[in-house]
Amino acid sequence: MRHGLEALMTVEERGFGPGTDLLLRQVDGRLAALRAGLRGPDLELAEDLARRLREMILATARSSAADRARVRAAVHYFVQRRESRDARLPLRSLAVAQRAVDRAARQLDSTTLS
């Protein structure tokens with residue numbers, strides 16, 4: 001939990017755009033839903049993915065459009081519950097989201113090193 005003046009400032013007030021704030025809210029909302037139903041290692045994985053996504057969102061808030069798109073895609077995989085809108089398809093696992101977050105992190109590392 002944040003304290004002090006920083007707790008009162010939204011991401012937009014710190015100079016980041018509304019897209020950044022939206023992505024952070026999506027991650028936090030999905031994590032809140034997962035906390036209601038997960039326990040043990042699955043919950044730990046969800047919290048770790050959410051933490052990593054928040055870091056990537058903030059780190060790329062002023063980066064290139066390509067970098068922000070990579071992070072948006074990873075957030076999408078974490079937030080979306082099904083493989084598609086078709087209710088007959090299975091729920092997406094956290095492992096799929098983990099692969100997407102790992103891929104985005106690797107791609108961001110390679111673009112910052114080049």
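The paragraphs below follow helix H2 and its packing against two other helices, and end with a buried aspartate in helix H4. The structure is a predicted model, and every value given here is computed from it.

A convenient place to begin is helix H2, which covers residues 18-37. At 1.5 Å a residue, its 20 residues should span 28 Å, and its end C-alpha atoms lie 29 Å apart, which agrees with that expectation. The buried residues of H2 are Thr 20, Asp 21, Leu 23, Leu 24, Val 27, Arg 30, Leu 31 and Leu 34, a list that will be useful when the contacts of this helix are considered.

Helix H3, residues 40-59, can be examined in the same way: its 20 residues should span 28 Å at 1.5 Å a residue, and the 29 Å between its end C-alpha atoms agrees. In H3 the buried positions are Leu 43, Ala 46, Leu 49, Ala 50, Arg 52, Leu 53, Met 56 and Ile 57.

How, then, are these two helices arranged? H2 and H3 pack with their axes 10 Å apart and at an angle of about 175 degrees; because angles over 145 degrees count as roughly antiparallel, H2 is roughly antiparallel to H3. On the H2 side the contact involves Thr 20, Leu 23, Leu 24, Val 27, Asp 28, Leu 31, Leu 34 and Arg 35, which meet Leu 43, Ala 46, Glu 47, Ala 50, Leu 53, Arg 54, Ile 57 and Leu 58 of H3. The residues of this contact comprise 11 nonpolar, 1 polar and 4 charged.

H2 also packs against helix H4, residues 65-79, here at an angle of about 25 degrees and with the axes 9 Å apart. The two helices are therefore roughly parallel to each other, and H2 passes H4 in a left-handed crossing. H2 contributes Leu 23, Gln 26, Val 27, Arg 30, Leu 31 and Leu 34 to the contact, while H4 contributes Arg 72, Val 75, Phe 78 and Val 79; by class, these residues divide into 7 nonpolar, 1 polar and 2 charged. Among the H2 residues in this contact, Arg 30 is also one of those buried in the helix.

Finally, helix H4 holds Asp 67. Is this residue buried or exposed? Its relative accessibility is 10%, and it therefore counts as buried, since the limit for burial is under 20%. When neighbours within four places in sequence are left aside, Asp 67 is in contact with Thr 60, Leu 108 and Thr 111.

Technical notes. Residues are numbered from 1 along each chain as its sequence is written. This is a predicted model: local features need pLDDT of at least 70, side-chain atom pairs count only at pLDDT 80 or more; totals for chains, interfaces and linings use all residues. Side-chain values use heavy atoms; hydrogens and water are left out. Axes are lines fitted to C-alpha atoms, for helices over the stretch in contact, and angles run from 0 to 180 degrees between N-to-C directions. Helices (H or I, at least four residues) and strands (E, at least two) are DSSP runs, numbered from the N terminus. Angles under 35 degrees count as roughly parallel, over 145 as roughly antiparallel, 65 to 115 as roughly perpendicular and the rest as oblique. A crossing is left-handed if the near helix is turned anticlockwise from the far one by less than a right angle, and right-handed if clockwise. Contact means heavy atoms within 4.5 Å. Ala, Val, Leu, Ile, Met, Phe, Trp, Tyr, Cys and Pro count as nonpolar, Asp, Glu, Lys and Arg as charged, and the others, Gly among them, as polar. The expected span of a helix is 1.5 Å times one less than its number of residues. Buried means under 20% relative accessible area, exposed over 50%, partly exposed in between (1.4 Å probe, protein chains only).
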